[in-house]
Amino acid sequence: MSEQIVIVGFGPVAARLVDELLPAVRAGHASLTVVGQETEAAYNRVLVADLGVGRTTADALALSDAGALAADGVDVRLGTRVRRVDRARQQVLLSEGPPVPYDRLVFATGSRPVIPNLTGINPDPASPVLPAGVTALRDLRDADILRKAVDGGKRVVVLGGGVLGLETALAAAEEGATVTVVHTGPHPLGRSIDRGGGAVLAAGLRRCGVRMAGNARSTGVEHNAPDGGFSALLLDDGSAIDGDLLVISCGVRPRTELAEGCGLSTAAGILVDHRLRAHHEPHIFAIGDCAEVRCPDPGCAVCRTASGPSGLVGPGWRQAEWLAEYLALLAAGAVEEADLLPDLQAEQPGVIVLKARGLTLAVGGDNGADPWDEEALTAGAVNGRPRLHVAQWADPEHGRYVKMTTRGGVLEGLVAVGMPRTAAELVGLFERRAELPADRSLLLRLDGPDQLPGSAAADPAGTVCRCAGVSGPAIRGAVEGGCSTVAEVSKATRAGTGCGGCHEDIKGLIEQHFSPAVP
């Protein structure tokens, strides 16, 4: 008898898990049910802003085909809400229909947007009521709201200075909207970026036509538009920022309420061990934005400094691929082989990458120390551990800034604004934990005028799509096999189906391949 696997949630991470489990379903080892609250099958939520400004289509965002999955034997329940999980009976109770039994249950419930407590908005964090003209830009309907504002050249106010809010602001401004970004602190990206990089970033945003309102604390919204919709964001100094649409981009919070309701341990997310199993519950797993990998062993050195869910699609996909292999082995009866499977590898610190027309940015690690901050540079330099060193270069007039924080020659933090090739090389070195050249200026020269346009700064055999882990040779192979557009390469290799930051790199590889054929 096949194992009953139930997946709660149908976002990008769940879609990857379903894809990886299909061989087990086709072989008859597993029976798979997927429950999604939205009426659409999984799509790339990260690129909803691109859809909202008309740069892509809903079809291009799609990651799953419910009809094709059903033909393969997957029971797909769309537009269905899970009421609760009965762990004692191993059943999932739905908003409609009979309970669904499970042998293995996977929470892939993702996250919900953080809605600040503003006057004029229902403060209930689980089900906030957003007035007309206010959106959190999380689903396809939100994209339609943004599209109407952009097409009409309306005034868009973005609340929040994170990377998704900045990407939305840049795209909307370029497509004709009047855009203002409102954020706390002196510069966008808050604590992720140092002061110098933040200042250059803010200046770059202004050059791209985005108005910046820093050190601003919002208190409420006015909805005095003719249709009763949003008309202004109110600030604590008594001022107001007028607009026609408010986009709330204040981060996300893992959706853990179902797990909490059935008695599972939670912190920031659903607590799971290095095999993605819920604490003290071998039949339940969690992956993606809702999962916090922190095992119950108090002596685990890895978990001692572990943070909450990363909020990035790449780590979620890697979790899905690992868990699919583990569940497939269990379903096939290969329990001993499943037990011998190496634990999921711990994720390295993430890198924030912003690639927009006219502005590029890469930020990662601990980059707060200044070159002359002796106390910060010597902190932690004990028992033979090297001190920190900081190399910094700035050209604010031209929107360029680079900072490299190293310990023993290895990057611990980086900032690169307006230096795309340098940024690409630094990100690669940071992720590989490789040593930098002794002469740091060699990296700056990657963006010098003597470099050929389109030349790759990083290893040509290296990773192009960091979310899906797709290399340059794999993309070139797809292009040589007949793929001539980014969408075709994405379908063949999965490259570009995550954050979308590699789209220009994929396009460059396609153009490289076809350029000799141009007379």
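Begin with the charged side chains of the whole protein: there are 48 positive and 62 negative ones, and the centres of these two sets lie 2 Å apart. Keep in mind throughout the tour that this is a predicted model.

**The whole chain**

With everything still selected, display the C-alpha trace, which spans about 70 × 60 × 60 Å along its principal axes. The radius of gyration of the protein is 24 Å, and this agrees with the value near 24 Å that a compact globule of 519 residues would have. If you switch to a cartoon, the secondary structure comes to 17 helices and 28 strands. Colouring by accessibility will separate out the buried residues, which make up 46% of the 519 residues. A surface representation, in turn, covers about 24000 Å² of exposed area, of which carbon and sulfur atoms supply 51%. Should you draw a contact map beside the viewer, then among contacts between residues at least 6 apart in sequence, 60% join residues at least 24 apart.

**Helix 10**

Select residues 313-331 next, which form helix 10. This helix has 19 residues and reaches 26 Å from its first C-alpha to its last, close to the 27 Å expected at 1.5 Å a residue. How many of the 19 residues of helix 10 are buried? The count is 15, so helix 10 is largely enclosed by the rest of the structure. While the side chains are displayed, it is useful to recall that an α-helix has 3.6 residues a turn, so residues three or four places apart point the same way. Moving past the end of the selection, you come to G333, which follows helix 10 and has a positive phi, near 85°.

**G36 and its contacts**

Go now to G36, placed in the loop between strand 2 (30-35) and helix 2 (48-52). Is G36 buried or exposed? Its relative accessible area is 3%, which is under the 20% cut-off, and G36 therefore counts as buried. To see what surrounds it, add F10, R77, L78, G79 and T80 to the selection, since G36 is in contact with these residues once its neighbours within four places in sequence are left aside. For a distance across the model, pick the C-alpha atoms of G36 and C502, which are 466 residues apart along the chain and separated by 28 Å.

**L164 in helix 6**

The next selection is L164, which has its place in helix 6 (residues 163-174). At 45% relative accessibility, L164 counts as partly exposed. Display V46 and S249 alongside it, because L164 touches both of them when residues up to four places away in sequence are not counted. A further pair to pick is L164 with V53, which are 111 residues apart in sequence and 14 Å apart in space, C-alpha to C-alpha.

**Two asparagines with positive phi**

Finish in two loops, beginning with N215 between strand 12 (210-213) and strand 13 (218-222). N215 has a positive phi of about 50° although it is not a glycine, and at 59% relative accessibility it counts as exposed. Then select N383, which lies in the loop between helix 12 (374-378) and strand 24 (388-395). Phi of N383 is near 55°, again a positive value in a residue other than glycine, and with a relative accessibility of 82% N383 also counts as exposed.

Methods: Residues numbered from 1 in each chain as written. Predicted model: local features only at pLDDT ≥ 70, side-chain atom pairs only at ≥ 80, totals over all residues. Heavy atoms only, no water. Helix = DSSP H or I, 4+ residues; strand = E, 2+ residues; numbered from the N terminus. Rg over C-alpha atoms; globule rule 2.2 N^0.38 Å. Buried < 20%, exposed > 50% of the residue type's maximum accessible area, 1.4 Å probe, protein only. Contact = heavy atoms within 4.5 Å. Areas by Shrake-Rupley, 256 points an atom, 1.4 Å probe, with all protein chains shown as cover. Lys, Arg positive; Asp, Glu negative; His and termini not counted. Charge placed at Lys NZ, Arg CZ, Asp CG, Glu CD. Expected span 1.5 Å × (residues − 1).
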